[in-house]
Each structure stands twice: as C-alpha cells, then as structure tokens.
Amino acid sequence: MKYPLVIFDWDGTLMDSVGRIVSSMQRTAAILQLPQPSVTAVREIIGISLEPAIETLFGRLSAAQFEQFMTVYRQQYVHDDITPSPLFNGARSLLESLRERGYTLAVATGKARHGLERVWEEADIRHLFHTSRCADETASKPNPKMLLDILAETGFKAEQAVMVGDSVHDMRMAENAKMARIGVSFGAHDAARLTGHQPVAIIDQLSELNHYV
C-alpha cells in the first residue's frame, strides 16, 4: 500500500458534473443579464471556491449582487438544470474496493458542505469516506489547507497520501502540500495541462487508479 490515504476531488473526478456546472453558470449569467462566460472560462474555475470563481468570471460583485447570484445559481444547479451529473463509470466500485482493502478515503472539494452532503445522500456514498473538507470550511484551492487539515485529522504524513483530481487547482494544492498527485483526463482540464504539475500518473478511467496506490 503505497498511499494509505487517498484524497479525491469531487466535481470532474468522481462525479461527471462539469457540464452541469457550465450550463448552470451560463444560465445564471443570462438570467441576471451578466456577460455570458464561455465554456472554456467556466471550466477554468471549476474546483475553486464559488466566491473567487464568480469574481474571476464576472468581476467583483456587490454583496447584494453576490447573494442574488448565489440564489439563482443554486436554483439552477440543484433544481432547474437537467444536465445529467452521475458518478463516473467505475467510481462506486473503485471506492468500495479501496475501502475494503483498508485505504482511508477523503474528499477535498470546491463544493460547499451542503452541496457535498446533498450529492453524497443522493448517491448513497457518504459511508465510503472517512472525512472531507469543503470550500466553505477552509481556504480555497490551491491553498493546501484542505489537505493539511485532512492529514491532521487522519494522522497520516503528506508522503503517505495522494491527491486525485481533474484540475490544475488540485495539482497545485497537492504541490503546495508536498503531496503526490494523480490527474484524471476526463474532467475540467486536459491531460496536457495536468502533466505540467508532475503527477505520479494521469489516468483515463478510474479503475486505473489501482495501479498507482
């Protein structure tokens, strides 16, 4: 067991939700008559906390504008947008297998706590994870605090853990924590961009993770 602690990003890594995030963000902009962000621009901010993500896409909003944006975006993402966002093929079986084999599993995500808990409940998957850190509980990626908090809670050292993610934000966060990282090629950022952060590997399907942990 090379990395007894395996930490996963969520959106674009375990859940195929990038398309839904993009369309919900674009529909929110249209409803609020804000400049329409491109698909590329939205994919670029997936993984970081919503506040800096919104500022990157639309500039600094007033407190009232930000609250309005969040209300509309949540309505779009949770209720109105019908873009499917299932778990990626093989995600559940991988997690169950790792857990049965004695790995400690965690999530470090740009989602807010209520968002992660909602999808965990919908997918009936919460029990597979030992712990998690969300964007509204700590510093946004690529700050390493999420990972350092998980290490402190679980008692592992950085060299005993690996971060699995689909974005450069995940890779940079792991670099900043001096933690090994594995990229997935099917999420927000392509393999060429992830390669620049010296991952242990870049995998094309989740089952390949077994070869590296």
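# Exercises on a predicted model

Just after helix H5, Gly 102 adopts a positive phi of about 100 degrees. The exercises below concern a predicted model.

## Exercise 1. The buried face of H5

Determine which residues of helix H5 are buried and how they are arranged about the helix axis.

**Solution.**
1. Helix H5 spans residues 91–100, and its buried residues are Ala 91, Leu 94, Leu 95 and Leu 98.
2. Viewed down the axis of H5, these buried residues fall within an arc of 95 degrees, so they line one face of the helix.
3. An α-helix has 3.6 residues a turn, so residues three or four places apart point the same way.
4. The cover over the buried residues of H5 includes strand E1 (5–8) and strand E2 (104–108).

## Exercise 2. The surroundings of Ile 7

Establish whether Ile 7 is buried or exposed, and identify the residues that it touches.

**Solution.**
1. Ile 7 belongs to strand E1.
2. Its relative accessible area is 0%. Because buried means under 20%, Ile 7 is classed as buried.
3. Leaving aside residues up to four places away in sequence, Ile 7 touches Ala 106, Val 107, Ala 108, Leu 147, Ile 150, Val 162, Met 163, Val 164 and Met 179.
4. Ile 7 and Ser 132 are separated by 125 residues in sequence, while their C-alpha atoms are 8.6 Å apart in space.

## Exercise 3. Classifying aromatic pairs

Classify the ring pairs Phe 58 with Phe 69 and Trp 120 with Phe 129 as stacked, tilted or edge-to-face.

**Solution.**
1. A pair of aromatic rings is described by the distance of the centres and the angle of the planes.
2. The structure contains six aromatic pairs. In one of them, the ring centres of Phe 58 and Phe 69 are 5.2 Å apart and the planes stand at 50 degrees, so the pair is tilted.
3. This pair links distant parts of the chain: Phe 58 lies in helix H3 (residues 50–58) and Phe 69 in helix H4 (residues 63–80), 11 residues apart.
4. Phe 58 is buried at a relative accessible area of 14%, and Phe 69 is buried at 0%.
5. For Trp 120 and Phe 129, the ring centres are 5.3 Å apart and the planes stand at 5 degrees; because planes under 30 degrees apart count as stacked, the pair is stacked. Both Trp 120 and Phe 129 are buried.

## Exercise 4. The aromatic cluster

Identify the cluster that contains Tyr 77 and the charged end that sits over the ring of Tyr 77.

**Solution.**
1. Phe 58, Phe 69, Tyr 73 and Tyr 77 make up one aromatic cluster.
2. The charged end of Arg 20 sits over the ring of Tyr 77, 5.2 Å from the ring centre.

Conventions: Residues numbered from 1 in each chain as written. Predicted model: local features only at pLDDT ≥ 70, side-chain atom pairs only at ≥ 80, totals over all residues. Heavy atoms only, no water. Phe/Tyr/Trp six-rings, centres within 6.5 Å; stacked < 30°, edge-to-face > 60°. Helix = DSSP H or I, 4+ residues; strand = E, 2+ residues; numbered from the N terminus. Buried < 20%, exposed > 50% of the residue type's maximum accessible area, 1.4 Å probe, protein only. Lys NZ or Arg CZ within 6 Å of the ring centre and 35° of its normal. Arc of directions from axis to C-beta. Contact = heavy atoms within 4.5 Å.
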